Amino acid sequence: MAFFPFTATVKNSERISPNFQRVTFTGVNDMGPAGHIMDLRIKLVIPGEHGLPQMTGEENWYDEWKAIDPVKRGSMRTYSIRELRRAGEHGEAELNIDFALHGVGTPDSGPAATWAVEAQPGDQLYVVAPQKEDESGPGIEFQPGEAKNVVILGDETALPAMLRIADEWSAELTGTMYCELVDIADAPKIDFPANLTVHWVPRGEGHTYGDMLVESAARLFEVENPRGEFTPPVPSSPSDAEQSPLIWETPTYSSFDDEEERAEPTSTVAERYADTYFWIAGESSMVTTIRRMVVKGAGISRHQVSFMGYWKNGVKALG
Ligand SMILES: Cc1cc2nc3c(=O)[nH]c(=O)nc-3n(C[C@H](O)[C@H](O)[C@H](O)COP(=O)(O)OP(=O)(O)OC[C@H]3O[C@@H](n4cnc5c(N)ncnc54)[C@H](O)[C@@H]3O)c2cc1C
């Protein structure tokens, strides 16, 4: 499994809804992967005030990037592919990335969101992704395995991956998707597969990131007081918050070391979901809260779930 930096050039940048900027890139003819894309994670190297750093396009791109003076290397962020139109009769390949905007025009907007809003045709960044012939599926975490049913919970940062998963939906799967958005106007007006039910859960005033998804999960897992019972403690200092890693756990990988706290799947809720795979992504505290509900509370095997912190409220991404 190998990722390479591609020099991608902006073809177009447009506000597709109140809180999403879609940037369309060319320069990706050799970008992959082959086959499914699903929730493949890609990296972006965003130019800083010194412009785009020089990189050779090799497999050791990360070491190369880390060796550049931090003042001159720009910022690295993780994104998903909303759409990759491969090169063909219609012309060269095009890549769409949808950026969830936050704090536009204020210091709360990070380098990625700010870059997307300001992007002009001809601007460039590096997209780090597999090559077009790569069939190994690196960076894809949507792993339903033998499950017949899928439940997907994600916030606006996970929406591009969720829509890609929906675009590549298998006719053999039945699914339910819950997506928390800033504004219902951000919900795309597209058709979904007949066997995938979608619920938009706008956040609304007075709610914090993830509240709507925690409530949706509490209904699924029959939990009465999810925030009280399962919310992780607030880090004691900003530096603790920065240093604690984003939660990342899939059927085959865990960033946790707490095997002993996983209950046996004996509850009636666990029985109901014996044939279900869960995909949960978005703000880290929300994902951790739902993980506790699923694994500790309902006793569902974590091997049926992918829990992925996509960002951490109040903490800029490390790349
Ligand atoms: C596998 C993966 C796939 C992802 N796919 C996408 C994607 O396709 N589209 C997408 O938009 N994001 C996606 N993200 C999330 C994205 O990487 C983060 O939101 C990232 O922090 C944005 O970088 P930034 O430079 O704009 O802000 P940063 O510099 O990282 O953060 C600056 C401040 O903004 C806050 N912040 C970051 N994101 C948000 C937000 N959405 N709402 C409110 N506050 C925020 C941070 O907490 C911090 O306080 C993905 C993340 C992962 C791990």
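In what follows, Ala, Val, Leu, Ile, Met, Phe, Trp, Tyr, Cys and Pro count as nonpolar, Asp, Glu, Lys and Arg as charged, and the others, Gly among them, as polar. The structure is a predicted model.

**Exercise 1. The shell around the ligand**

Describe the residues around the ligand by class, by nearness and by the elements and domains that supply them.

*Solution.* Begin with the classes: the shell has 13 nonpolar, 7 polar and 6 charged residues. Next take nearness, where, of the 26 residues around the ligand, those that come nearest are T78, A100, K312, G314 and A317. Then turn to the secondary structure, in which β4 provides the largest share of the shell, with 4 residues.

**Exercise 2. Polar contacts and burial of the ligand**

Which protein atoms lie within 3.5 Å of ligand oxygen atoms as polar contacts at R77, T78 and P111, and what part of the ligand surface does the protein bury?

*Solution.* For R77 the partner is a side-chain N or O atom, placed 2.9 Å from an oxygen atom of the ligand. For T78 the partner belongs to the backbone, and this N or O atom lies 2.7 Å from a ligand oxygen. P111 likewise offers a backbone N or O atom, at 3.1 Å from an oxygen atom of the ligand. As for burial, the ligand taken alone exposes 920 Å², and the protein buries 92% of that. Two or more shell residues are given by each of β4 (75–80), β6 (94–100), α2 (111–118) and β14 (305–311), and at the level of domains, domain 1 (4–129) and domain 2 (149–311) each contribute at least three residues to the shell.

**Exercise 3. The interface between the domains**

Characterise how domain 1 and domain 2 meet, using their centres, their contacts and the area they bury.

*Solution.* Taken over C-alpha atoms, the centres of the two domains are separated by 26 Å. Contacts join 15 residues of domain 1 to 20 residues of domain 2. The size of an interface is often given as the accessible area lost when the parts come together. Here about 1,400 Å² is buried between the domains, with carbon and sulfur atoms giving 58% of this area. On the side of domain 1, the residues that lose the most area to domain 2 are M38, D39 and R82, which together account for 39% of what that side buries.

**Exercise 4. Backbone geometry between β2 and β3**

What is unusual in the backbone at P33 and at M38, given that most residues other than glycine have a negative phi, and most peptide bonds are trans?

*Solution.* P33 is placed in the loop between β2 (20–26) and β3 (41–46), and the peptide bond leading from G32 to P33 is cis, with omega near 15 degrees. M38 also lies in the loop between β2 and β3, and although M38 is not a glycine, its phi is positive, at about 50 degrees.

Notes: Residues are numbered from 1 along each chain as its sequence is written. This is a predicted model: local features need pLDDT of at least 70, side-chain atom pairs count only at pLDDT 80 or more; totals for chains, interfaces and linings use all residues. Side-chain values use heavy atoms; hydrogens and water are left out. A residue is near a molecule or strand if one of its heavy atoms lies within 4 Å of it. A polar contact is a pair of N or O atoms within 3.5 Å; within protein, one must be able to donate a hydrogen and the other to accept it, and residues adjacent in sequence count only if both atoms are side-chain atoms. Accessible areas come from the Shrake-Rupley method with a 1.4 Å probe; for residues, only the protein chains shown count as cover. Domain bounds come from an automatic or database domain assignment. Contact means heavy atoms within 4.5 Å. Buried area is the accessible area (1.4 Å probe) that two parts lose on being put together, summed over both.
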